[in-house]
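Subject: The structure you asked about

Hi there,

Here is the structure for you to open alongside this message. Have a look around it, and then read on.

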Amino acid sequence: MADTFHPSDIPSLHLVNHPLIQHKLTIMRQKETGTKEFRELLSEIAMLMAYEITREFPLRDVEIETPVAPCHAKVLEGKKLGIVPILRAGLGMLDGILTLVPAARVGHIGLYRDPETLEPVEYYAKLPSGVEDRTLIVPDPMLATGGSASAALTLLKQKGAKNIILMCLVSAPEGIRRVAEDHPDVPIYVAAVDKCLNEHGYIVPGLGDAGDRIFGTL
């Protein structure tokens with residue numbers, strides 16, 4: 001049965017409902033959308049979501065010279081950006097974010113979901129240096145049970161990360177609640193909050209297995 005869920009009840013949740021994102025997501029959901037188009041749309045949505053996520057990043061004033069005259073201008077202030085996709089599906093969002101912020105450092109966290117317990121199992125972790133001084137964006141297309149996302153965030157905190165943002169495409173209420181309870185200090189950005197999880201832990205209506213659709217391993 002569908003869960004009664006009100007996004008406004010979760011202070012850390014941010015729903016990114018830009019019309020272009022919603023349009024592209026609809027195409028991605030369709031079962032006839034092929035691997036190439038699915039991958040391209042995911043990258044485009046990741047870039048658009050990153051644009052929204054970085055909207056609140058602080059700026060500082062600088063003095064520059066244009067070809068015409070001196071100028072007061074602004075640049076990003078503060079901590080450097082890192083991107084840490086959760087393997088393997090999170091890789092599908094990486095290029096889109098890097099298109100927007102090409103200087104960002106990239107790490108990887110490898111987790112898989114045990115098919116019996118639905119709990120995450122870590123198999124790989126490689127992070128950029130100085131995670132304690134970076135704002136880290138953690139992309140993963142699907143926020144289902146929330147187990148993998150919560151485990152990834154826990155790992156990053158254990159490594160010293162203090163500024164973390166979780167970025168997901170499609171989410172379920174169960175996963176949102178899990179992450180919000182385990183990591184209330186981590187903002188959660190999603191493009192859609194779907195109805196529920198089915199008995200296999202898949203988001204309904206969702207879009208299927210994101211990793212399989214990205215890499216053509218159906």
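Below is what I found in the largest pocket and at two of the residues there.

Please keep in mind that this is a predicted model, so every value here is computed from it.

**The pocket**

The volume of the largest pocket is about 660 Å³. Its lining is made up of 29 residues, and R113, D140, M142, S148 and D209 are the closest to its centre. Sorted by class, that lining holds 15 nonpolar, eight polar and six charged residues. If you want to find your way by secondary structure, look at β5 (86–87), β7 (108–113), β10 (142–143), α4 (147–158) and α6, as each of them supplies at least two lining residues.

**What the UniProt record says**

The unreviewed UniProt entry has two "binding site" annotations that are useful here. One covers I203, G208, D209 and A210, and the pocket lining takes in I203, G208, D209 and A210 from that set. The other covers R88, R113, D140, P141, M142, L143, A144, T145, G146, G147, S148 and D209. From this second set, the lining of the largest pocket includes R88, R113, D140, M142, L143, A144, T145, G146, G147, S148 and D209.

**D209 and its neighbour G208**

D209 sits in the loop that links β14 and α6, and G208 is also in the loop between β14 (203–204) and α6 (210–215). How accessible is D209? Its relative accessible area is 27%, so D209 counts as partly exposed. G208 has a relative accessibility of 39%, and therefore is partly exposed as well. The D209 side chain reaches the backbone nitrogen of G211 at a distance of 3.0 Å. If you set aside the neighbours within four places in sequence, D209 is in contact with R88 and Y202. R88 is also one of the residues in the second annotation.

**M142**

M142 belongs to strand β10. Is M142 buried or exposed? With a relative accessible area of 17%, M142 falls under the 20% cut-off and so counts as buried. Which residues does M142 touch, leaving aside its neighbours within four places in sequence? They are V170, I203, L207, G208 and A210. Among them, I203, G208 and A210 are covered by the first annotation, while M142 itself is covered by the second.

Happy to go through any of this with you over a coffee.

Best wishes

Methods: Residues are numbered from 1 along each chain as its sequence is written. This is a predicted model: local features need pLDDT of at least 70, side-chain atom pairs count only at pLDDT 80 or more; totals for chains, interfaces and linings use all residues. Side-chain values use heavy atoms; hydrogens and water are left out. UniProt positions are given in the numbering used here, feature names are shortened, and annotations may be inferred rather than shown by experiment. On a 1 Å grid over the protein atoms alone, a cavity is a set of points where a 1.4 Å probe fits but cannot get out, and a pocket is an open set with protein on both sides within 12 Å along at least five of seven lines; lining residues have an atom within 4 Å of a point. Helices (H or I, at least four residues) and strands (E, at least two) are DSSP runs, numbered from the N terminus. Buried means under 20% relative accessible area, exposed over 50%, partly exposed in between (1.4 Å probe, protein chains only). Contact means heavy atoms within 4.5 Å. A polar contact is a pair of N or O atoms within 3.5 Å; within protein, one must be able to donate a hydrogen and the other to accept it, and residues adjacent in sequence count only if both atoms are side-chain atoms. Grid points are joined across faces, edges and corners, and a volume is the space filled by probe spheres set on the points. Ala, Val, Leu, Ile, Met, Phe, Trp, Tyr, Cys and Pro count as nonpolar, Asp, Glu, Lys and Arg as charged, and the others, Gly among them, as polar.
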